[in-house]
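Visitor: I should like a close look at a single part of this model, together with whatever surrounds it. Please choose the part and take me through it in one connected account.

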Amino acid sequence: MSENNVELSVSNEVLEKMAEIAACEIEGVSGLSKQAVDFKEVLKSKSAFKGVKVENSAGAVNITLFICIKKDAIARSVAEAVQQNVKDKIQSMTGTVVTHVNVKVADIDAAEEETEKQ
């Protein structure tokens, strides 16, 4: 029986979506914050604002996420859980080595507080 060599190529956009889904699975994350990307990124992508940035370097992936946390969440715990979940999900789904997952808490979701006041 011959051995089948399968090469998997996953676009950065798909990796970004996987990272977004994995991050939002974590308790305490209310979503991703939209951050402006540089001008070159705007020309290459569909949106000028992203909550995830993926960089490929020699077959390894570096991911940066800009998350919005719930007002009562513990930022450090949430960020660590996001890092681990994103790394585990992408590596298990694609077989791609994830070298860094940088999590930046960009915002706090105060929407709950505003609805309570009304």
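Guide: Two residues are taken to be in contact when heavy atoms of theirs lie within 4.5 Å of each other. With that criterion, one can state what covers the buried residues of α3: the covering elements include α1, β1, β5 and β6. Helix α3 is the part I have chosen, and what follows describes a predicted model.

The setting comes first. The protein chain contains four helices and six strands, and from the N terminus on its elements follow the order α-β-β-α-β-β-β-α-β-α. Of the 118 residues in the protein chain, 32% are buried. Among contacts between residues at least 6 apart in sequence, 67% join residues at least 24 apart.

Helix α3 comprises residues 75-94. Its 20 residues should span 28 Å at 1.5 Å a residue, and the distance between its end C-alpha atoms, 28 Å, agrees with that expectation. Seven names make up the list of its buried residues: Val78, Ala79, Val82, Asn85, Val86, Ile90 and Thr94. These buried residues lie on the same side of α3, because they cover an arc of only 135° around the axis. Arg76 and Ser92, by contrast, are exposed on the other side of the helix. After α3 comes Gly95, which has a positive phi near 75°. Gly95 also has a partner from far away in sequence: Leu8 is 87 residues distant along the chain, yet the two C-alpha atoms are 8.5 Å apart in space. Leu8 belongs to the segment before α1, and its relative accessible area of 53% means that it is exposed.

The strands on either side of α3 in sequence explain its place in the chain path. From β5 the chain passes through α3 to β6, and this β-α-β crossover is right-handed. The two strands that the helix connects, β5 and β6, pair in the parallel sense over eleven bridges. Within that pairing, Ile63 stands opposite Val101 in β6. Strand β5 also pairs with β4, here in the antiparallel sense and over six bridges. In this second pairing, Asn56 stands opposite Val61 in β5. The hairpin of β4 and β5 has two residues between the strands, and Ala58 in this hairpin takes a positive phi near 55°.

The interior can now be considered. In soluble globular proteins, nonpolar side chains tend to be buried together. Here the largest nonpolar core has 23 residues, and Val82, Val86 and Ile90 are among those with the most contacts inside it, as are Ile63, Leu65 and Ile67. Two or more residues of this core come from each of α1, β1, β4, β5, α3 and β6. Leu65 illustrates how these elements meet. Beyond its neighbours within four places in sequence, Leu65 is in contact with Val82 and Val86, and also with Ala19, Ala23, Leu32, Gly51, Val52, Val101, Asn102, Val103 and Lys104.

Helix α1, one of the elements covering α3, may be examined in the same way. Its 13 residues should span 18 Å at 1.5 Å a residue, which agrees with the 18 Å between its end C-alpha atoms. Leu15, Glu16, Met18, Ala19, Ala22 and Ala23 are buried in α1. Seen down the axis, these buried residues fall within an arc of 165°, so they line one face of α1. Glu16 merits separate mention: its relative accessibility is 13%, and therefore it counts as buried. Apart from residues up to four places away in sequence, Glu16 touches Lys50, Val52, Lys53 and Val54. Of these contacts, Val54 is 38 residues from Glu16 in sequence, with 6.3 Å between the C-alpha atoms.

One further residue deserves notice, just past β1, another of the elements covering α3. Ser33 is located in the loop between β1 and β2, and at 12% relative accessibility it counts as buried. Setting aside neighbours within four places in sequence, Ser33 is in contact with Lys50, Gly51, Phe66, Ile67, Cys68, Ala106 and Asp107.

To return to α3: its buried residues share one side of the helix, and α1, β1, β5 and β6 are included in what covers them.

Key: Residues numbered from 1 in each chain as written. Predicted model: local features only at pLDDT ≥ 70, side-chain atom pairs only at ≥ 80, totals over all residues. Heavy atoms only, no water. Core = buried A, V, L, I, M, F, W, Y, C linked by side-chain atoms within 4.5 Å. Buried < 20%, exposed > 50% of the residue type's maximum accessible area, 1.4 Å probe, protein only. Pairing = 2+ DSSP bridges. Right-handed = clockwise from strand over helix to strand, strands pointing away. Expected span 1.5 Å × (residues − 1). Arc of directions from axis to C-beta.
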